[in-house]
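Have a look at the fold below before reading on. The notes after it walk through a few parts worth finding by eye.

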Amino acid sequence: MISSIAELIADRMVTMPAGERRAAQTLIANYPLIGLKTVAEFSAAAGVSSPTILRFVSRLGFQNYPEFQSTLQDELAAQLQSPASRTLNPPSPGSSAVSPMLEATLENMRETFRHLSDKQLADIVARLADRRGKTFLVGGRFTDPLARYMAAHLAIIQPNVFHLAGQESIWRDRLIDMDKRDVLVIFDIRRYQDSLIRFAEKAHQRGVQIVLFTDQWLSPIARFARHVIAGRTAVPSAWDSSAALFVVAEALIGAVTRQLEPDGTKRIREMESLR
């Protein structure tokens, strides 16, 4: 699979002049719809000139603006795909039914980490390890097990870690306990969950810093997120794979555990003594 535009931006952001960075940030915050508008409308939204938008598009590797928009349209169509719409070719006689899935999953992991910078990961670790605030984690219909798994580990090494389970009304009730010192980790992949988007917006309005785990097409929650981890999820299946996001979550769990030593180790030992 070719890199998504969001991945291209992540790879090239550090080389962009200030005007092009503003264009990139505007696109990510309104992904992909602002890029489907005219150059003039995009430039007005970003507060930059039309030539800056065209230079930004060229830096991403596109020959012209229509080619850039065509790629965004393809990504938008991919966002909206349901499992029923993904027609799959049956394995040929004598071939392994597992091998293509395994290869795609391993490639997803490699590509996910290739587009994650060390600085971004370090910033997320520092935020998750900051004990001055609370950490809340939530996911969607298929991704909430990742949120629960990550919360279970983080709660062992530090206090004030909460997995938000159950119905949306229960999540909303927890907003009263959230403020700008806190972090909210959200897992959301296509097709993106409206209840998570509404909840993320409310949390953002309260100043909560959001870390979003999503796919290469970007959940609309990206517009509210301080940090966005865009993992590869497409595999030869009717279903998307969360394996790459799971590995990123485990990498962060390990890094936060190291960051919190020796206090985390002391907490683990005390917890074990209480069992």
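What follows covers some strands, a pocket, an annotated span and one loop residue.

This is a predicted model, where local features need pLDDT of at least 70, side-chain atom pairs count only at pLDDT 80 or more, and totals for chains, interfaces and linings use all residues. Numbering runs from 1 along each chain as its sequence is written, and side-chain values use heavy atoms, with hydrogens and water left out.

Let's start with β1, residues 135–139. Helices (H or I, at least four residues) and strands (E, at least two) are DSSP runs, numbered from the N terminus. Five of the five residues of β1 are buried, so the strand is largely enclosed by the rest of the structure; buried means under 20% relative accessible area, exposed over 50%, and partly exposed in between, with a 1.4 Å probe and protein chains only. Thr135, Leu137 and Gly139 point one way from β1, while Phe136 and Val138 point the other way. That fits the general rule: in a regular strand, side chains alternate between the two faces of the sheet.

Strand β3 (residues 183–187) is mostly covered too, with five of its five residues buried. Here Val183, Val185 and Phe187 go one way, and Leu184 and Ile186 the other.

Now for the pairings, where two strands pair if DSSP finds at least two bridges between them.

| Strands | Sense | Bridges | One bridge pair |
|---|---|---|---|
| β1 and β2 (residues 161–163) | parallel | three | phenylalanine 136 and phenylalanine 162 |
| β1 and β3 | parallel | five | leucine 137 and valine 185 |
| β3 and β4 (residues 209–215) | parallel | five | valine 183 and glutamine 209 |

To get from β1 to β2, the chain crosses through helix α8 (residues 144–157), and this β-α-β crossover is right-handed. Right-handed here means that, with the strands pointing away from the viewer, the path from the first strand over the helix to the second runs clockwise. The crossover from β3 through helix α10 (residues 194–205) to β4 is right-handed as well.

Next, the largest pocket. Its volume is about 820 Å³. On a 1 Å grid over the protein atoms alone, a pocket is an open set of points with protein on both sides within 12 Å along at least five of seven lines, where a 1.4 Å probe fits, and lining residues have an atom within 4 Å of a point. The lining has 26 residues, and Ala10, Met13, Gln120, Arg226 and Val228 lie nearest the centre. Elements giving two or more residues are α1 (5–12), α2 (18–29), α7 (118–128) and β5 (227–231). Helix α1 gives the largest share, five residues.

On the record side, an unreviewed UniProt entry annotates residues 3–79 as "domain: HTH rpiR-type", though such annotations may be inferred rather than shown by experiment. In the model, that span is 69% helix and 0% strand, and its end C-alpha atoms lie 15 Å apart.

Finally, is leucine 260 buried or exposed? Leucine 260 sits in the loop between α11 (243–259) and α12 (263–273), yet is buried, with a relative accessible area of 7%. Its C-alpha atom is 10.0 Å from that of leucine 128, 132 residues apart along the chain.

Notes
Grid points are joined across faces, edges and corners, and a volume is the space filled by probe spheres set on the points.
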